[in-house]
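Got your viewer open and a selection box ready? Let's take a walk through this one, stop by stop.

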Amino acid sequence: MQVHLAIGQNHHFELHEALLVYRDQQSSFISRHDVLTRKDAPPTLGPAQPLTMAFVESLVRSLGGTVPAEVLPENILAKGDRLIVWWTREQRRQMFFSNAEGKMAGLNGGIFPQPPLVWKVTNGELSIRAFAVNKRPQATTTLAVAPFWNLSDDGRVCTGTMRRPESTTVAAIPAWERGFYESAFTHANVGRLTRHGGGFEGLWGSLKGKRRRFSSETLIKLPQTLEQFVRGERGNHAY
Amino acid sequence: MQRVMRTGSHRCGGNATVCRQRKILVSGASGIASASGVKTLAPAFAQALPSLKGVRADYTYEANRERLYEFCAALVREKLGNPDSWKQAGGNAIRFAQSVISNGIGAERDQLLDRNVEYHLLVTDALERYGEDAQLDSGKLAVLIECGGSGYLKIGSAIEAMEAEAEGLGAAFYWTLTHSLYRVMRLYNHDDAMMYEEQLRDYAAEDDEKNRDQYEFPEVEKALPECIRKTLKRDYHAGKAQDRTLLRRYRKGRFGTWIDRLRSIEQLARIPLKQSREYLEDGYYDQPPLPCLLVCFKEQDAIVACFDEESQSMLESTSEPALCAVFSPANPDEVRNALRIVARFIQINVELFSLVESIHESEARHAGTSCDRTESSLRTA
């Protein structure tokens with residue numbers, strides 16, 4: 001009886017081509033070069049060749065551009081190759097604060113009511129917006145500033161050492177949410193995060209351990225719609 | 001944001017901000033000319049393009065090899081391999097696993113199988129799925145046995161001799177052997193030949209009347225020994241009980257060795273070992289496993305004729321493996337179960353082909369026939 005084993009793969013890669021990236025302040029271009037190998041001499045670059053669309057497409061494909069089809073649950077609002085947008089209802093979550101000046105130390109580890117949120121992961125970056133009504137948002141639903149530290153004005157989370165899944169699949173959603181809430185908020189990025197009279201500390205101080213709902217009155221409304229947020233557009237007006 | 005270290009009480013002192021620090025760029029360090037000075041795009045050098053001196057020209061990368069080493073470790077845990085066999089394999093995991101499996105089968109049994117049938121044993125981390133190879137999930141491996149050329153048993157003269165000893169003994173032997181082997185492997189026997197004939201008759205019936213004369217039908221039923229023909233449509237359970245009684249009665253007689261082999265095959269076939277057939281359902285194989293054994297009654301009889309016709313296309317499409325056991329090498333229970341499934345399959349084949357050789361030797365002694373059906377060109381495709 002012949003015995004065969006086919007476990008794992010052994011890949012041997014040889015240097016074939018090089019891409020050189022040229023960049024100025026506004027734009028960049030890339031040249032492709034064959035690598036010429038000669039015996040007993042270091043490899044050298046051949047003359048530059050134009051990049052073809054076929055090459056770029058094959059490069060994108062080989063870098064993981066093919067996304068497996070998935071069944072989308074109700075909470076998914078948009079899905080693309082490297083993008084996923086979902087929403088969460090009002091909920092109560094534990095939050096951690098770790099600020100150099102000791103602000104919010106009394107609130108660290110408390111349970112807080114949360115507003116309905118829209119979450120977007122694109123190219124490995126997480127962005128979050130809040131919204132007022134606790135139901136699935138439509139394309140025209142206007143969004144609000146998510147009242148959290150570590151968020152920039154376009155909603156991007158400064159992730160720092162936060163645990164981040166590598167994928168933008170449906171299955172990765174719980175890990176993104178867990179990563180966000182199980183990390184400590186360390187600093188404010190945006191000037192104003194809430195309409196609450198007591199500011200950020202007053203807002204979360206009034207909510208700590210409370211069973212009541214998050215008041216949408218305290219959210220700072222934006223001209224940005226869900227559709228614009230998904231597309232990475234900022235909305236009609238500056239804010 | 002800052003990852004919360006839940007298991008410890010460590011707190012960052014000082015500035016807890018963990019945003020990426022802005023890097024200070026030194027003019028020229030990144031190849032960008034500073035505004036204050038003029039700089040050439042490339043250093044003064046005969047060759048304008050940058051040199052690749054010191055750049056690695058190749059890389060070797062092993063993917064999913066950890067499963068191979070886990071499998072080797074499992075073979076050692078099950079006492080099939082040891083540090084000496086690892087040394088003998090020169091520390092090569094594939095060579096180690098191959099030699100350990102071959103040693104487990106044993107040279108004598110291996111030679112017996114090689115003389116009679118063509119089996120390939122494959123341990124793999126991928127199985128066919130929708131017609132293409134797909135990686136098995138979560139550290140699983142599959143052990144497959146595929147048949148590349150079927151064995152051959154001409155049983156007519158043995159049945160005849162046993163019927164001469166006692167009426168019904170030959171049929172009892174045939175039916176018990178057939179039904180036991182059905183549990184473990186695919187056979188090509190009178191049943192398949194009759195189905196092929198029925199199919200041929202259906203084709204003929206659907207064909208133009210003027211073409212019907214061109215069909216030659218193998219007439220399988222007429223080619224069966226009378227004792228088999230008589231028992232074709234008997235009640236399965238009642239027949240089985242009669243067969244068992246008859247075989248037990250003649251166990252000490254002149255066919256005792258064959259009946260003992262048959263009993264071993266029957267006992268091995270009854271061991272409740274569940275193969276991982278569910279993994280094969282998504283494989284989209286074109287056909288069931290290739291037959292491991294062709295059973296006929298006479299040289300070039302109707303069954304052989306049907307097999308020769310059907311076997312022409314058997315290797316043209318994908319067939320299920322004869323055996324499939326999926327296991328996790330890290331799970332000792334799953335490893336043991338897979339080993340039991342393989343061991344049972346090999347042992348039943350050893351018993352079967354010992355019986356086959358004994359029957360053929362006996363026939364050669366008594367009739368002096370010389371045509372060797374085990375010649376591979378006469379077997380599957």
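Before the first click, one term: a contact here means heavy atoms within 4.5 Å. This is a predicted model, in which local features need pLDDT of at least 70 and side-chain atom pairs count only at pLDDT 80 or more, while totals for chains, interfaces and linings use all residues. Residues are numbered from 1 along each chain as its sequence is written, chains are lettered from A and ligands numbered from 1 in the order in which they are written, and side-chain values use heavy atoms, with hydrogens and water left out.

**Stop 1: chain A, the overview**

Select chain A and switch on the cartoon. You should find four helices and 15 strands; helices (H or I, at least four residues) and strands (E, at least two) are DSSP runs, numbered from the N terminus. Of the contacts in chain A with a separation of 6 or more, 59% are between residues 24 or more positions apart. Buried residues make up 41% of its 239 residues. Buried means under 20% relative accessible area, exposed over 50%, and partly exposed in between, with a 1.4 Å probe and protein chains only.

**Stop 2: two backbone oddities in chain A**

Most residues other than glycine have a negative phi. Now pick A:M104, in the loop between β9 (96-97) and β10 (111-114) of chain A. Its phi is near 70°, a positive value in a residue other than glycine. Is A:M104 buried or exposed? It counts as buried, at 3% relative accessibility.

Next, jump to A:N123, in the loop between β11 (117-122) and β12 (125-130) of chain A. Here phi is near 50°, again positive in a residue other than glycine. A:N123 is exposed, though, with a relative accessible area of 58%.

**Stop 3: chain B, the overview**

Hide chain A and show chain B, with its 14 helices and 10 strands. Buried residues make up 41% of the 381 residues here. Residues 24 or more positions apart account for 74% of the chain B contacts with a separation of 6 or more.

**Stop 4: the nonpolar cores**

A nonpolar core is a set of buried Ala, Val, Leu, Ile, Met, Phe, Trp, Tyr and Cys residues joined through side-chain atoms within 4.5 Å. Select B:F71, B:I155 and B:F173: these have the most contacts inside the largest core, which has 92 residues. Helix α14 (residues 332-367) of chain B gives the most to this core, with 13 residues.

Zoom in on B:I155. Not counting residues up to four places away in sequence, B:I155 touches B:F173, B:Y174, B:L177, B:V295, B:C296, B:F297 and B:I359. Apart from the largest core lies another, of 40 residues, among them A:L107, A:I173, A:W176 and A:I220.

**Stop 5: the cysteines**

How many disulfides does the structure hold over all chains? Zero, where a disulfide is a pair of cysteine sulfur atoms within 2.5 Å. Select B:C147 and B:C292 to see a pair that doesn't qualify: the sulfur of B:C147 is 4.5 Å from its closest cysteine sulfur, in B:C292, too far for a bond. B:C147 is buried at 9% relative accessible area, and B:C292 is buried at 0%.

Stay with B:C292, in the loop between α12 (278-281) and β9 (293-296) of chain B. Its contacts beyond four places in sequence include B:V117, B:Y119, B:M185, B:R186 and B:F345. Add B:S150 to the selection: the two C-alpha atoms are 4.4 Å apart, although B:C292 and B:S150 are 142 residues apart along the chain.

**Stop 6: a helix pair**

Color α10 (residues 236-249) and α11 (residues 256-270) of chain B. They pack at an angle of about 135°, with axes 11 Å apart. Axes are lines fitted to C-alpha atoms, for helices over the stretch in contact, and angles run from 0 to 180 degrees between N-to-C directions. The two helices are therefore oblique to each other: angles under 35 degrees count as roughly parallel, over 145 as roughly antiparallel, 65 to 115 as roughly perpendicular and the rest as oblique.

Show side chains for B:K240, B:R244 and B:L247 in α10(B), which meet B:I259, B:L262, B:E266 and B:R270 in α11(B).

**Last stop: B:E197**

Finish in helix α7 (residues 190-206) of chain B, at B:E197. B:E197 is buried, with a relative accessible area of 10%. Leaving aside neighbours within four places in sequence, B:E197 is in contact with B:F217, B:P218, B:E219, B:V220 and B:E221.
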